[in-house]
Amino acid sequence: MVFLHGLSLDGNLLLILLALSGIQFAVGFFASQMTARLAGPELLLVPIYVLYYWMVNLVSCLSAIASYFVSPQRKGTWRSPDRGL
């Protein structure tokens, strides 16, 4: 956004974004109905889930970037938790 200071979100662009979001929701909804039938109250939670997912994604990306700048030579590793086997 720093380099695109002349960009403005006018009504036409917002309408296009709204239409694309509606199409994406419709395609996802019909695709999910083939595998998992959601009831009415569960469908009301879908927008909340999407917002929650993107917020968690934003926080995890920002923390990963900050971690890289603090210690660039450190590499992430996965250690499987002990399951008592």
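**Pocket, aromatic pairs and exposure**

The largest pocket holds about 440 Å³ of space. The model is predicted. The lining of this pocket consists of 15 residues. Nearest the centre lie Q24, F25, V46, Y49 and V50. Two elements each give two or more residues to the lining: helix 1, spanning 11-35, and helix 3, spanning 46-70. Helix 3 supplies the largest share, with seven residues. In character, the lining divides into eleven nonpolar residues and four polar ones. No charged residue takes part in the lining.

The chain carries three helices and zero strands. Along the sequence, the pattern reads α-α-α.

Three aromatic pairs emerge from a search of the whole structure. One of them joins Y53 and W54. The ring centres of Y53 and W54 are 5.3 Å apart, and the planes meet at 80°. Planes over 60 degrees apart count as edge-to-face, so the pair of Y53 and W54 falls in that class. Y68 and F69 form an aromatic pair that is also edge-to-face. Here the distance is 5.7 Å centre to centre, with 65° between the planes. Ring pairs also link Y49, Y53 and W54 into a cluster. Y49 thus has two roles in this description: Y49 is among the residues nearest the centre of the largest pocket, and Y49 is a member of the aromatic cluster.

How exposed are the residues of these pairs? Relative accessibility was computed for Y53, Y68 and F69, among others. Y53 has a relative accessibility of 42%. Partly exposed covers the range between 20% and 50%, so Y53 counts as partly exposed. Y68, at 48% relative accessibility, also counts as partly exposed. F69 has a relative accessible area of 64%. The exposed class begins over 50%, and F69 is therefore exposed. The edge-to-face pair of Y68 and F69 thus joins a partly exposed residue to an exposed one.

Over the whole chain, 2% of the 85 residues count as buried. The chain exposes about 8,300 Å². Carbon and sulfur atoms supply 72% of that area.

Conventions:
Residues numbered from 1 in each chain as written. Predicted model: local features only at pLDDT ≥ 70, side-chain atom pairs only at ≥ 80, totals over all residues. Heavy atoms only, no water. 1 Å grid on protein atoms, 1.4 Å probe; cavity = no way out; pocket = protein on both sides within 12 Å on 5 of 7 lines; lining within 4 Å. Points joined across faces, edges and corners; volume = space filled by probe spheres on them. Helix = DSSP H or I, 4+ residues; strand = E, 2+ residues; numbered from the N terminus. Nonpolar A, V, L, I, M, F, W, Y, C, P; charged D, E, K, R; others polar. Phe/Tyr/Trp six-rings, centres within 6.5 Å; stacked < 30°, edge-to-face > 60°. Buried < 20%, exposed > 50% of the residue type's maximum accessible area, 1.4 Å probe, protein only. Areas by Shrake-Rupley, 256 points an atom, 1.4 Å probe, with all protein chains shown as cover.
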